[in-house]
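Thanks for sharing this one. Here are a few notes to read alongside the model.

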Amino acid sequence: MKMGIDVGYGFVKAVSSEGRRVSFPSVVAPLFGERRLELPGVAGAEPAYVVEVAFGGAWAQRYAVGDYALHCDGAVRAWRLEGQAAHENTQVLLFAACALLGCGPGTELGMGIPLELYVGGRASEWRQAFAEASARVRVGSGPAREVSFSRVLVFPQAMGALFAEAFGRDGRGPEVLTKNVGVVDVGYRTTDLLLMRRLPGLDRSQPDPRLSTTFDRGISWVYQQVWLAVQSRLGRPVDALLVEQRFVHGGGVLRLGGEVFDLEGEAEGYRERLAREIGDEVRRHWSAHLDLLDEILVAGGGGQDLYGHLSGVLPGCRLVREAAFSNAAGYLAMLSR
């Protein structure tokens with residue numbers, strides 16, 4: 001089986017060669033000695049996002065991941081640019097996605113890392129970390145699966161969206177790789193700017209590392225500003241994950257302390273501000289090349305969320321198909337080439 005996965009700071013998005021896909025928040029909560037309450041006559045079952053992972057010969061450990069973890073004490077989204085490949089949470093999220101997609105031994109894996117890490121030469125670190133990884137995984141009350149990888153390809157994150165446009169099932173074809181194209185990939189914590197240039201003597205455009213970068217601002221900044229506004233109105237601390245959970249599953253409405261918060265209404269102004277900041281970064285980095293670009297593609301879950309505002313600050317930009325899954329779909333497409 002082949003699998004393309006985007007283990008993002010905000011969400012895990014993964015697709016398989018069998019046509020399956022899965023997405024869940026990149027949140028992990030270890031479950032050590034948790035209290036259980038089972039009622040007589042009521043059949044108990046593990047929630048769908050309780051994952052049991054045994055690395056190598058170690059004892060299996062249990063974790064809540066994704067949607068379920070948002071409701072658990074001790075849940076963290078503890079990512080950092082340095083050392084993320086070896087982070088236990090990264091491994092747990094990866095293997096959880098593998099089990100949900102039905103992967104087994106010898107899975108071929110395509111994945112991406114932020115542009116700044118890739119340009120900085122960190123791809124081999126990620127490739128080695130996952131090429132050598134294996135685990136026995138059980139999700140919920142399902143069967144245990146042995147998962148390992150026979151092949152690992154690592155790409156710059158924003159390239160996934162471009163590969164999906166060129167080679168994906170519903171892609172436009174490889175001609176997109178012959179053009180001058182900018183990709184604005186808005187993620188949870190970061191935004192990647194990738195510039196592809198057609199240079200003299202070449203029949204394909206090439207990424208320009210001088211004009212491609214990652215900056216540390218993504219859609220989570222909007223959640224953070226809304227969280228701060230909720231705390232200010234209540235006059236006391238509020239769990240940031242609670243606010244995010246209501247965005248993801250509560251329709252953007254939070255009832256807390258006898259008050260009702262319209263989170264979506266509060267967020268709209270911050271979305272507009274973030275889109276303007278991204279537009280400013282694009283103009284700052286690509287100023288001399290903007291008029292020469294054939295198109296600007298907007299990708300990522302954050303790009304999908306901000307597109308209504310980005311289309312105003314980046315005239316002519318286009319949202320890629322299924323933007324939240326575009327990177328994972330592109331990595332999967334490249335495994336077959």
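1. A cut-off first, since a later point leans on it: buried means under 20% relative accessible area, exposed means over 50%, and partly exposed covers what lies in between. Please also keep in mind that this is a predicted model.

2. With that scale in hand, take Glu322. Its relative accessible area is 42%, so Glu322 is partly exposed. The residue sits in the loop between β17 (318–319) and α10 (326–335). Its phi is near 45°, a positive value in a residue other than glycine, and you may like to look at the backbone there.

3. Now the cysteines. How many disulfides does the structure hold? The count is 0. Cys103 is in no disulfide, and the nearest cysteine sulfur, that of Cys98, is 4.5 Å away. Cys103 has 0% relative accessibility and therefore counts as buried. Cys317 counts as buried too, because its relative accessibility is 7%.

4. On to the nonpolar cores. The largest has 38 residues, and Met3, Ile5, Phe24, Val65, Leu109, Val137 and Phe149 have the most contacts inside it. Which helix gives the most to this core? That is α2 (residues 88–101), with 9 residues. Apart from this core lies another, of 37 residues, including Leu193, Trp221, Leu263 and Ala275.

5. Phe24 deserves a closer look in your viewer. Leaving aside neighbours within four places in sequence, Phe24 is in contact with Phe11, Val12, Tyr49, Val65, Gly66, Leu93, Ala96, Ala97 and Leu100. One of these partners, Val65, is also listed with Phe24 among the residues with the most contacts inside the largest core.

Terms used. Residues are numbered from 1 along each chain as its sequence is written. This is a predicted model: local features need pLDDT of at least 70, side-chain atom pairs count only at pLDDT 80 or more; totals for chains, interfaces and linings use all residues. Side-chain values use heavy atoms; hydrogens and water are left out. A disulfide is a pair of cysteine sulfur atoms within 2.5 Å. Buried means under 20% relative accessible area, exposed over 50%, partly exposed in between (1.4 Å probe, protein chains only). A nonpolar core is a set of buried Ala, Val, Leu, Ile, Met, Phe, Trp, Tyr and Cys residues joined through side-chain atoms within 4.5 Å. Helices (H or I, at least four residues) and strands (E, at least two) are DSSP runs, numbered from the N terminus. Contact means heavy atoms within 4.5 Å.
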